[in-house]
Amino acid sequence: MSSDEPEQPQQPDQPDQPAQPDQPEQPTEPRDPATHDAAGATPVATGKAKRPKRTGWRRLIPTWRMVLGGIIGFVLLCIGLFALGYALVDIPAANSAATAQSNVYLYADGSQIARDGEVNRENVSLTQIPKPVQHAVLAAEDRDFYSESAVDPQAMLRAAWYTLTGKGKQSGSTITQQYVKNYYLGQEQTVTRKVKEFFISIKLDREKSKDDILEGYLNTSYFGRNAYGIQAAAQAYYGEDVQDLSAAQGAYLAALVNAPSAYDVAAHPENKDAATARWNYVLDGMVKEGWLDASDRENMKFPAPDQAKAPSGLSGQRGYLVQAVKDYITDNKILDEDTLAGGGYRITTTLQKKKQDAFQKAVDDQLMSKLDKDARDIDKNVRAGGAAIDPSNGKVRAMYGGVDYTKQYVNNATRRDYQVGSTFKPFVFTSAVENASTTQDGRRITPSTIYDGTNKRPVQGWDGGHYAPANEDDRSYGNITVSEATDKSVNAVYAQMAVDVGSDKVKQTALDLGIPSDTPDLTASPSIALGPSTASVLDMTEAYATLANHGEHGRYTLLDSITKNGEGITLPKKETRQAVPRQAADTTTTILKSVVDGGTGTAAKAAGRPAAGKTGTAEEDKAAWFAGYTPDLATVVSVMGQDPVSGAQTPLYGATGLPRINGGGYPAQIWAQFTQAALSGTPANDFDLDLQSGAEEEPLPSTPESTSETATESPSDTASATPSDEETPSDEPSSETPPSEEPTDSEEPTDSPSPGDTAVNPLGALRSP
């Protein structure tokens, strides 16, 4: 048979036949059933077998051809899009940041607080900027600038993903990209801007040298203090031209680019550790890159900047208000700092002009008018801060930051570096009621619960070591109720109560009321009750507003609205929750009313309406506080001591001619005058209280004391002498507050309970007879 002819079919049931004798070179092979038809015949032409069709779930899996084709298609698409984008996106003219608009800040009624936005910029050439300063900026922002490409695609994709998924601002751009953003585009965090930035950066890198780009970047970056560019920053922070900056100073300015306002240690001394860490990061990077000798690095000390000189348009209270609003906007991620600095925003605040003016007048009348800086050097150290919040909605209605923003740059209402003293004690009692806490011998803690107020009495039930805090003037009170101990701010009682409740629970209650979790020295230990933590005046106002609002807490707000070109900017949604039970907050209000009615805060009665409050004094009398509220307004006032030259905190002994300044003196007097004026023309509403069960019960017998005894504060509460029962306080706060006096022999309370009155528990809590 010819090889070209088809093989003859065989019967299906016959075995394979051997090859024909005339074709011995073609051995036979077993027949593959798949290559035969149903009759057993082979196809006309033999070839590769057909792949069986995939069935079921296998059809969903792409083949390798499909995968390869998809990859090639995607690459071609990206190349096409890149070419299209490169062709369509041109390098634009400089953006409006070069002539930035003003931001307008308004009171709640629409009247103007201030207008900012005058751009402070002076361009310099790269040759005028010392190499160490250039290297410092590179170490901070882009160490591979001279060797890398214009863009970092990986960082851009990450930033775009964070923006799309709402995870916040994510940077990572090269210096070229940052320069394009600063000079050609804007600060908005959008995908469109990122795409433009990408292509413009590539084009710019091809058309300009690296030195030109770095020069432009250094002249357009924002450094805080309204300083745009490295030359303006050198003047703003060190009063020098850029060519005269040291490497250490240059490293600090480089650190500022990352967070201009936050790292300004003159304006925010509480952030010095973070600013120093960033400064160290920059210097260490310079050493790593070979731009700075390690020996020179070791000898460098942090170069503290000069005090800021605010623009004259922000004099008085205006500068403090504007800066507080700016910080609120950036801290809450409403706008980032660079975007806000670009200007054009109309910002309506929650501040009310009537209350704002009343606060300034109260401070001037009650404190500043008493200062004589020529006669007493200590009077130069006196500072004051205050804030007022509407408890019903959390809106900040007034704020006092200092005597003048152009003279004292730091806002005393928002700084977090002065101890709050015994204004913290109410939080301990609130926590006790909230947690149904008991004394060491099992008695429930209420306003009438008796404690041992003996001076330097060691706390019981705490395994952290010996702790025996002193009372004011080392005075012992013996048996004393919680309410009386609050009136007199007895340290021994509240330190023990903190242990009885659990200092960790006390801390949590403070956080729930509104004290920030990152507050310095907010430590869970018995001393927490005496207020070593350094919350700001505004923080404390928020916490006291929560008590005034029956335990319902919402974060304070300074904003009513923000618009730009007529379009509104989204503000954070207002959220409230029951932070502590109403009975816990209202029962705390009851004992704080007693402080005003007959304790260390009687000067607050001059407000002429129902009030609750607490006095406090920092260690060594470096600050004096009064924190209080009516049903309609919560206000905190603090008087602080600070050296105007060194910035160090100082005691206030001798200020205004008095031996000491305490919370029941000037702070309470300022509070009273402000509250009276701020709420004038409104009803004097009384508190609507839901009290803890047993809160109104008569107390167990305590150590007898004269009813005309002078009320005294704790070491964290040194108050002025208060009127005796025979005296009626004047309707107006006293213009001077005499120092606290030692009680006479007839007024001295018994240091310990009489054996016939009470029995002393071995753990220090007192049982009834």
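I began with Lys210 and found that its charged end sits over the ring of Phe145, 4.7 Å from the ring's centre; I keep in mind throughout that this is a predicted model.

I then looked up how accessible Phe145 is, and since its relative accessibility comes to 0%, I noted Phe145 as buried. The ring of Phe145 also has a partner in Tyr146: the two centres lie 5.0 Å apart and the planes meet at 75°, so I entered the pair as edge-to face, the cut-off for that class being over 60 degrees. For Tyr146 I read a relative accessibility of 42%, and because exposed would require over 50%, I put Tyr146 down as partly exposed.

I turned to aromatic pairs in general and counted 16 of them in the structure. I also noted one aromatic cluster, which is formed by Tyr237, Tyr238, Tyr252, Trp279 and Phe302.

I looked up another charge over a ring and found Arg143, whose charged end sits over Tyr281 at 4.6 Å from the centre of that ring.

I moved on to the strands and followed E11, residues 559–564, which runs antiparallel to E5, residues 345–349, and is joined to E5 by five bridges. Within this pairing I saw that Lys564 of E11 stands opposite Tyr345. On tracing E11 further, I found two bridges to the antiparallel strand E12, residues 567–568, where Glu567 is the bridge partner of Lys564. I recorded E11 and E12 as a hairpin with two residues between them, and in its turn I noted that Asn565 has a positive phi of about 55°.

How values were computed
Residues are numbered from 1 along each chain as its sequence is written. This is a predicted model: local features need pLDDT of at least 70, side-chain atom pairs count only at pLDDT 80 or more; totals for chains, interfaces and linings use all residues. Side-chain values use heavy atoms; hydrogens and water are left out. Rings of Phe, Tyr and Trp (its six-membered ring) pair if their centres lie within 6.5 Å; planes under 30 degrees apart count as stacked, over 60 as edge-to-face and the rest as tilted. Buried means under 20% relative accessible area, exposed over 50%, partly exposed in between (1.4 Å probe, protein chains only). A charge sits over a ring if NZ of Lys or CZ of Arg is within 6 Å of the ring centre and within 35 degrees of the ring normal. Two strands pair if DSSP finds at least two bridges between them. Helices (H or I, at least four residues) and strands (E, at least two) are DSSP runs, numbered from the N terminus.
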